[in-house]
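Below is a note on the model, set out as numbered points. The topics are salt bridges, helix packing and the nonpolar cores.

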Amino acid sequence: LTPFHKTHYQARAIGQVGYIIVESTGVSPEGRISDRCLGLWNDSQRDAFKTMVDDVHALGSHIGIQLNHAGRKCVAVDGVDTIYAPSSLAFDEKSRVPQALSVDGIKTVMNDFRDAAKRADEAGFDALEIHGAHGYLVSQFMSPVTNQRDDFYSDPKVFLNELLDAIESVWPKD
């Protein structure tokens, strides 16, 4: 979270925007789209967000956050040696080939989303949105083009239901 982000979202609140959604935020280093994307995989990131969320609330707006995992579309290299996806299919000819997630790897991703959701709540966010579009990991599991698995995760409902259950285990019902 940079001074730009804080100023950007506070300016929306000053402008009387009622509900703000913070941009795509990675749940792990390899879950970022790029090296410059926001993240919420550790407590120092949570603490930085808390300050901004408190400021936005003080200015009269509500604020949510969009959690994401880029999957095979990750182009981050800072601290990212391996990228992951449902299947080992590169996004395009210029992209890295991802490692197909093992079942244990999928559980790790579920835990990353769960932990990021918990940190989002601790930071004071009012809502949370799971990024399931634009060809990122959630939509990669949903598409037969990018999900060529032969286990129970070949059924996109399995991944999605487990992901939502993991998040709901820590996100307040209200």
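1. A salt bridge is taken here as a side-chain nitrogen of Lys or Arg within 4 Å of a carboxyl oxygen of Asp or Glu. The side chains of Arg 32 and Asp 35 form one such bridge, with an N to O distance of 3.8 Å. Its two partners fall into separate accessibility classes because buried means under 20% relative accessible area, with partly exposed between that and 50%. Arg 32, at 6% relative accessibility, counts as buried, and Asp 35, at 33%, counts as partly exposed. The structure is a predicted model, and a search of the whole of it finds 10 salt bridges.

2. Helix α2 (residues 43-58) and helix α3 (residues 103-123) have axes that come within 8 Å and cross at roughly 35°. The crossing of α2 and α3 is right-handed. From α2 the contact takes in Asp 43, Arg 46, Phe 49, Lys 50 and Val 53, and these meet Arg 119, Glu 122 and Ala 123 in α3. Sorted by class, the contact of α2 with α3 has five charged residues, three nonpolar and no polar.

3. A salt bridge belongs to this contact too: the side chains of Arg 46 and Glu 122 meet at 3.0 Å, N to O. The pair links distant parts of the chain, with Arg 46 in helix α2 and Glu 122 in helix α3, 76 residues apart. Is Arg 46 buried or exposed? Arg 46 counts as buried, at 18% relative accessibility, whereas Glu 122, at 34%, counts as partly exposed.

4. The second helix pair for comment is α3 with α5. Their axes are 8 Å apart and the packing angle is about 35°. This crossing is right-handed. On the α3 side the contact is made by Ile 106, Lys 107, Met 110, Phe 113, Arg 114 and Ala 117, and on the α5 side by Phe 159, Glu 162, Leu 163, Ala 166 and Ile 167. By class, the contact of α3 with α5 has eight nonpolar residues, three charged and no polar.

5. A salt bridge also joins α3 and α5. Lys 107 pairs with Glu 162, and their closest N and O atoms are 3.0 Å apart. Because Lys 107 lies in helix α3 and Glu 162 in helix α5, the pair ties together parts that are 55 residues apart in sequence. Lys 107 is partly exposed, with a relative accessible area of 35%. Glu 162 counts as partly exposed as well, at 24% relative accessibility.

6. Salt bridges that share partners join Asp 43, Arg 46, Asp 47, Lys 118, Arg 119 and Glu 122 into one network. Among these, Arg 119 deserves its own entry. Arg 119 is placed in helix α3 and counts as buried, at 16% relative accessibility. Which residues does Arg 119 touch, not counting residues up to four places away in sequence? They are Leu 40, Trp 41, Asn 42, Asp 43 and Arg 46.

7. Turning to the interior, the largest nonpolar core has 33 residues, and those with the most contacts inside it are Val 22, Phe 49, Phe 125 and Phe 159. At least two residues of this core come from each of α1 (3-14), β1 (19-26), α2, β3 (62-68), α3, α4 (137-142) and α5 (156-168). Helix α3 gives the most, with eight residues. Apart from this core lies another, of six residues, including Cys 74, Ala 76, Ile 83 and Tyr 136. In soluble globular proteins, nonpolar side chains tend to be buried together.

8. Phe 49 can be followed from the α2 and α3 contact into the core, where Phe 49 is among the residues with the most contacts. Leaving aside neighbours within four places in sequence, Phe 49 is in contact with Leu 1, Val 22, Thr 25, Leu 38, Gly 39, Leu 40, Ile 65, Ala 123 and Phe 125.

9. A last point concerns a loop. Asp 155 is found between α4 and α5 and counts as partly exposed, at 30% relative accessibility. Asp 155 and Ser 143 are 12 residues apart in sequence, with a C-alpha to C-alpha distance of 9.6 Å.

Technical notes:
Residues numbered from 1 in each chain as written. Predicted model: local features only at pLDDT ≥ 70, side-chain atom pairs only at ≥ 80, totals over all residues. Heavy atoms only, no water. Axes fitted to C-alpha atoms, helices over the stretch in contact; angles between N-to-C directions. Helix = DSSP H or I, 4+ residues; strand = E, 2+ residues; numbered from the N terminus. Left-handed = near helix turned anticlockwise from the far one by under 90°. Contact = heavy atoms within 4.5 Å. Nonpolar A, V, L, I, M, F, W, Y, C, P; charged D, E, K, R; others polar. Core = buried A, V, L, I, M, F, W, Y, C linked by side-chain atoms within 4.5 Å. Buried < 20%, exposed > 50% of the residue type's maximum accessible area, 1.4 Å probe, protein only.
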